[in-house]
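This report treats the packing of helices and the relation between chains in the model shown below. Each term is given with its cut-offs where it enters.

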Number of protein chains: 2
Amino acid sequence: MLKVPEHQVAGHKAKDGVMGPLVDDTGRFYKPLQNDDRGSRELSFYSSLSSHSHPSIPLPFFPAFHGTKVVEASDGSGPHPHLVLEDLLRGYAKPSVMDVKIGSRTWHLGDSEDYIAKCLAKDRESSTIPLAFRISGVKDALSAWEPPRKSLQSLSADGALFILRKFVSSNASDPDCAFASEVYAAVLERLLELKAWFEVQTLYHFYSCSLLLLYDKGDGKRKVLVKLVDFAHVVPGNGAIDHNFLGGLSSFIKFLKDILAQPTIHQ
Amino acid sequence: MLKVPEHQVAGHKAKDGVMGPLVDDTGRFYKPLQNDDRGSRELSFYSSLSSHSHPSIPLPFFPAFHGTKVVEASDGSGPHPHLVLEDLLRGYAKPSVMDVKIGSRTWHLGDSEDYIAKCLAKDRESSTIPLAFRISGVKDALSAWEPPRKSLQSLSADGALFILRKFVSSNASDPDCAFASEVYAAVLERLLELKAWFEVQTLYHFYSCSLLLLYDKGDGKRKVLVKLVDFAHVVPGNGAIDHNFLGGLSSFIKFLKDILAQPTIHQ
């Protein structure tokens with residue numbers, strides 16, 4: 001039985017007649033395959049990952065891929081092909097989740113002029129150009145904190161720092177960063193591993209790709225998870241590293257390091 | 001007595017009625033102060049560097065600054081204010097010099113629409129977007145190798161690798177990379193130090209700034225030098241690292257590491 005995921009923070013949601021992702025009760029996530037280049041590009045990326053024997057690819061950063069399947073679309077439009085992926089949020093009692101789109105440029109030279117103009121306008125209005133990342137969504141299942149997505153996209157450095165502090169806090173108003181050392185130390189360790197790969201890999205350039213950060217705010221273990229998601233704009237590296245993703249990742253890492261160095265602010 | 005420098009590889013040259021830099025015989029380099037924002041921005045950057053007591057700034061990467069001075073302009077137009085800098089090439093018998101403009105974006109959000117459009121067009125046509133750097137000029141005083149600047153700007157990854165190999169070779173046609181281990185090992189050491197600074201510094205964002213690589217191809221010591229030059233487009237960091245420069249620097253570093261790992265190519 002497929003249903004709409006409870007804690008989706010970014011991308012199209014399956015409601016109000018929009019086709020969105022679905023989950024089943026065996027831990028699989030069904031992402032509608034887009035009908036254009038984006039769908040075929042994301043499918044070919046997942047296929048290349050799973051067929052690739054390249055030993056350097058850090059597979060644990062990518063959701064497990066189980067092929068494609070035609071299932072009833074969430075918008076009631078009938079059967080539609082979906083990517084079958086791992087449901088990353090399965091088993092989390094009170095997930096705290098954040099989606100961060102990495103990079104100071106969300107387009108590449110192979111895109112159409114219209115698409116480039118649209119992306120560039122959004123990159124300029126959002127924190128994408130100043131910070132080289134934009135927070136696409138955040139949700140705390142414990143406190144039900146879920147700031148409007150629009151408000152997150154054009155954050156200043158101070159604004160981003162505040163959201164990142166709040167994401168690891170036990171209280172709502174004045175962030176106490178109670179979970180900072182536990183959560184961000186684990187996140188940072190993973191991100192430094194990812195960064196080491198991005199400093200050398202020339203296989204792929206990841207445009208408009210997101211980091212998904214996840215931990216459990218319930219009473220049990222934190223289960224900190226760091227994954228890459230959204231590969232509809234992945235293109236070949238052509239001999240260069242993905243300096244755009246690496247720059248954004250390094251910028252994001254600096255924010256986490258600053259919080260770890262000073263978890264509480266005394267004003 | 002001021003004269004035109006012998007081995008300038010990028011920027012306006014002082015000839016054919018163009019105002020360009022001059023050098024004297026005491027080791028000083030006179031750069032004409034541009035009349036617009038660029039001039040005032042470069043002057044204020046150098047001033048902030050020399051007055052700044054910020055202990056983290058790696059001053060050896062910047063040319064020494066000796067204030068400004070009004071001297072006769074090289075184009076015969078009369079007295080003009082110049083920045084007085086260190087003449088980096090002084091004392092080199094046979095300098096081999098390369099200017100590499102770092103970053104995948106040469107403009108910033110404070111620039112005018114016209115300027116952004118102009119820069120973006122050039123960034124898209126050149127290697128600035130694909131590689132996050134473009135070679136602005138290269139010259140070998142020993143062999144007189146000095147490829148046309150235009151041919152350097154839109155290099156592919158393979159093309160850039162070829163020029164970078166040739167820069168440290170003793171022969172002209174099939175690069176032997178005779179000086180690679182000596183020169184690039186020293187350059188790499190410096191660049192990794194610079195990169196460590198760019199991973200944390202949020203004081204400045206350096207747009208359209210260049211790395212100057214220099215060594216002596218004569219019989220004496222190599223005297224490998226790595227400097228940053230051109231600060232007419234430096235703006236405050238506003239709380240974020242300079243992800244644009246860092247991405248380009250990391251991309252350039254990857255090329256040098258590849259050459260060091262495989263100095264000779266067997267085809």
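## Contact of α7(A) with α7(B)

In this predicted model, A:His243, A:Leu246, A:Gly247, A:Gly248, A:Ser250 and A:Ser251 of α7(A) meet B:His243, B:Leu246, B:Gly247, B:Gly248, B:Ser250 and B:Ser251 of α7(B). Contact here means heavy atoms within 4.5 Å, and helices are DSSP runs (H or I, at least four residues; strands are E, at least two), numbered from the N terminus. The residues of this contact divide into two nonpolar, ten polar and no charged. In this classification Ala, Val, Leu, Ile, Met, Phe, Trp, Tyr, Cys and Pro count as nonpolar, Asp, Glu, Lys and Arg as charged, and the others, Gly among them, as polar.

Helix α7 of chain A (residues 243–261) packs against α7(B) at an angle of about 125°, with the axes 8 Å apart. The pair is therefore oblique; angles under 35 degrees count as roughly parallel, over 145 as roughly antiparallel, 65 to 115 as roughly perpendicular and the rest as oblique. Axes are lines fitted to C-alpha atoms, for helices over the stretch in contact, with angles running from 0 to 180 degrees between N-to-C directions. The crossing of α7(A) and α7(B) is right-handed, a term for the near helix being turned clockwise from the far one by less than a right angle (anticlockwise for left-handed).

## Contact of α2(A) with α2(B)

The α2 helices (residues 113–125) of chain A and chain B have axes that come within 14 Å and cross at roughly 125°. This makes α2(A) oblique to α2(B), and their crossing is right-handed. Glu113, Ile116, Leu120 and Arg124 of each chain, A and B, make the contact. By class, it has four nonpolar, no polar and four charged residues.

Between these helices, the side chains of B:Glu113 and A:Arg124 form a salt bridge (2.7 Å, N to O). This pair crosses between chains, from helix α2 of chain B to helix α2 of chain A. A salt bridge is a side-chain nitrogen of Lys or Arg within 4 Å of a carboxyl oxygen of Asp or Glu; by this rule the count over all chains is 26.

## Relation of the two chains

A turn of 180° and a shift of 0.0 Å along the axis lay chain A on chain B with an RMSD of 0.0 Å. The two copies are thus related as by a two-fold rotation axis. Superposition is by least squares on the C-alpha atoms of residues with pLDDT of at least 70 in both copies. The same surface serves both copies, as 100% of the contact residues of chain A recur in chain B. Of the residues of chain A, A:Gly247 comes closest to the rotation axis, at 2.4 Å (C-alpha).

## Packing within chain B

Helix α5 (residues 157–167) and helix α7 (residues 243–261) of chain B have axes that come within 10 Å and cross at roughly 60°. That makes α5(B) oblique to α7(B), and the crossing is right-handed. On the side of α5(B) the contact involves B:Ala157, B:Ala160, B:Leu161, B:Leu164 and B:Arg165, and on the side of α7(B) B:Phe252, B:Phe255, B:Leu256 and B:Ile259. By class, the contact has eight nonpolar, no polar and one charged residues.

## Conventions

Residues are numbered from 1 along each chain as its sequence is written, and chains are lettered from A and ligands numbered from 1 in the order in which they are written. Local features need pLDDT of at least 70, side-chain atom pairs count only at pLDDT 80 or more, and totals for chains, interfaces and linings use all residues of the predicted model, while side-chain values use heavy atoms, with hydrogens and water left out.
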